[in-house]
Amino acid sequence: MLRDSYNRTIRDLRISLTDRCNFRCFYCLPHGEPSWAKREKLLSFEELEYIADIFVSLGIQKIRLTGGEPLIRRDVPVLVEKLARLKPHLQDIALTTNGYDFARHAESLKNAGLDRVTFSLDSLRPDKFSKITGVDALERVLASIHLAQESGFSPVKLNAVVVRGHNDDELVDFARFAREYGVAMRFIEFMPLDSGHDWNRDHVVSGREIRETINAAFPLVLKETNRGSGTSWKYTFADHSPGEIGIIAPVTEMFCGACSRIRLTADGQIRTCLFSNTEHNLRDVLRSGASRDELVQFIEDVVMKKEPRHHINDAEFVQPQRTMSFIGG
Ligand code: SAM
Ligand code: SF4
């Protein structure tokens, strides 16, 4: 069992497969050419399989594959198949993707044992979608979302990062979309993990405002009064329409006390918090020929260093050097 020094149990591992991306969401990746991790620094699928096996033996129950854009990495279904061998101790394998390349992998991902998929969808208007992501691909992403539903992924979740002045006028449209298509729509507060370091509090649309705006159009009912280690407050529609709304408000409604997550970057660094300013080099320990017991010890020691909370709201807050795309959201 992985437990940190604040007695939080770590059950959820996010693995970034690459820091590269074919989109340029302004809140995540810079325009221009960032300095990507060198290929030899990336953990191979064999290394990831071995590390995941160790993590699962230590009590990790959920693995989410993310990035950068995970589907840019070649043969992701092969990795999913390797991870699926860790079931049933590993209970859930999920993927977060921008959806651009999902269609050609949907079937093989399903067959390989992927349980769930989450798509990023920040606008339902083609022009705005292009402006936010840098790519004219709304139709293609919507087609991926429908395909995921047809392929039996359930529930299909959609993430929208709400940024003032960009897409905060679409909250009700998103809720309507969730109802029409029976998807779980998650609204995420904009976090200071953007490459331009342009984040400021005025850009954040609070979870409360999101909830109130949607509730005024489509009355909501809180699904569970205790969200456990989950990050979102979940709501159903009072009129029993299909679909679900989730609100993830790390800035205005901090949930660090119940955090069960740990992250592994594509270049093999463990991050104990999205906002960590320190990383722990698991790759070098692994490649130095450490035994399994030594790796276990390393991981357990790192987990003990997990921060009690983030400091976004403190005057002395320092934005991490690496942006969301490098950390693995
Ligand atoms: N490329 C994939 C995608 O976009 O779904 C996976 C990686 S992306 C970094 C994972 C999630 O992080 C996305 O849902 C994205 O919207 C979110 N994200 C990125 N930057 C963020 C920020 N500054 N604040 C809040 N969420 C952010
Ligand atoms: Fe790429 Fe995802 Fe970041 Fe957008 S949010 S730039 S799709 S990694």
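This report walks through a helix, a nonpolar core and a few cysteines of the structure. The model is predicted, so please read each value as computed from it.

Let us begin with helix α1, which covers residues 45-57. Its 13 residues should span 18 Å at 1.5 Å a residue, and the C-alpha atoms at its two ends are 18 Å apart, so expectation and model agree. Several residues of α1 are buried: Phe45, Glu47, Leu48, Ile51, Ala52, Ile54, Phe55 and Val56. After the helix comes glycine 59, with a positive phi near 110°.

The helix leads us to the nonpolar core. The largest such core holds 103 residues, and those touching the most other members are Phe55, Ile63, Leu65, Leu121, Phe187 and Ile245. Helix α1 gives the most to this core, with 7 residues.

Isoleucine 63 is a good place to look around. Leaving aside neighbours within four places in sequence, isoleucine 63 is in contact with Ala52 and Val56, among others. Its other partners include Leu13, Ile15, Leu83, Leu90, Asp92, Ile93 and Ala94.

Now to the cysteines. The model has 0 disulfides, counting pairs of cysteine sulfur atoms within 2.5 Å. Two cysteines show how this works out:

| Cysteine | Nearest cysteine sulfur | Distance | Relative accessibility |
|---|---|---|---|
| Cysteine 259 | Cysteine 256 | 6.8 Å | 14% |
| Cysteine 273 | Cysteine 256 | 6.2 Å | 15% |

Cysteine 259 is in no disulfide, because its nearest cysteine sulfur is 6.8 Å away and the cut-off is 2.5 Å. Cysteine 273 is likewise in no disulfide. Cysteine 259 counts as buried at 14%, and cysteine 273 is buried at 15%, because buried means under 20% relative accessible area.

Methods:
Residues are numbered from 1 along each chain as its sequence is written. Chains are lettered from A and ligands numbered from 1 in the order in which they are written. This is a predicted model: local features need pLDDT of at least 70, side-chain atom pairs count only at pLDDT 80 or more; totals for chains, interfaces and linings use all residues. Side-chain values use heavy atoms; hydrogens and water are left out. Buried means under 20% relative accessible area, exposed over 50%, partly exposed in between (1.4 Å probe, protein chains only). Helices (H or I, at least four residues) and strands (E, at least two) are DSSP runs, numbered from the N terminus. The expected span of a helix is 1.5 Å times one less than its number of residues. A nonpolar core is a set of buried Ala, Val, Leu, Ile, Met, Phe, Trp, Tyr and Cys residues joined through side-chain atoms within 4.5 Å. Contact means heavy atoms within 4.5 Å.
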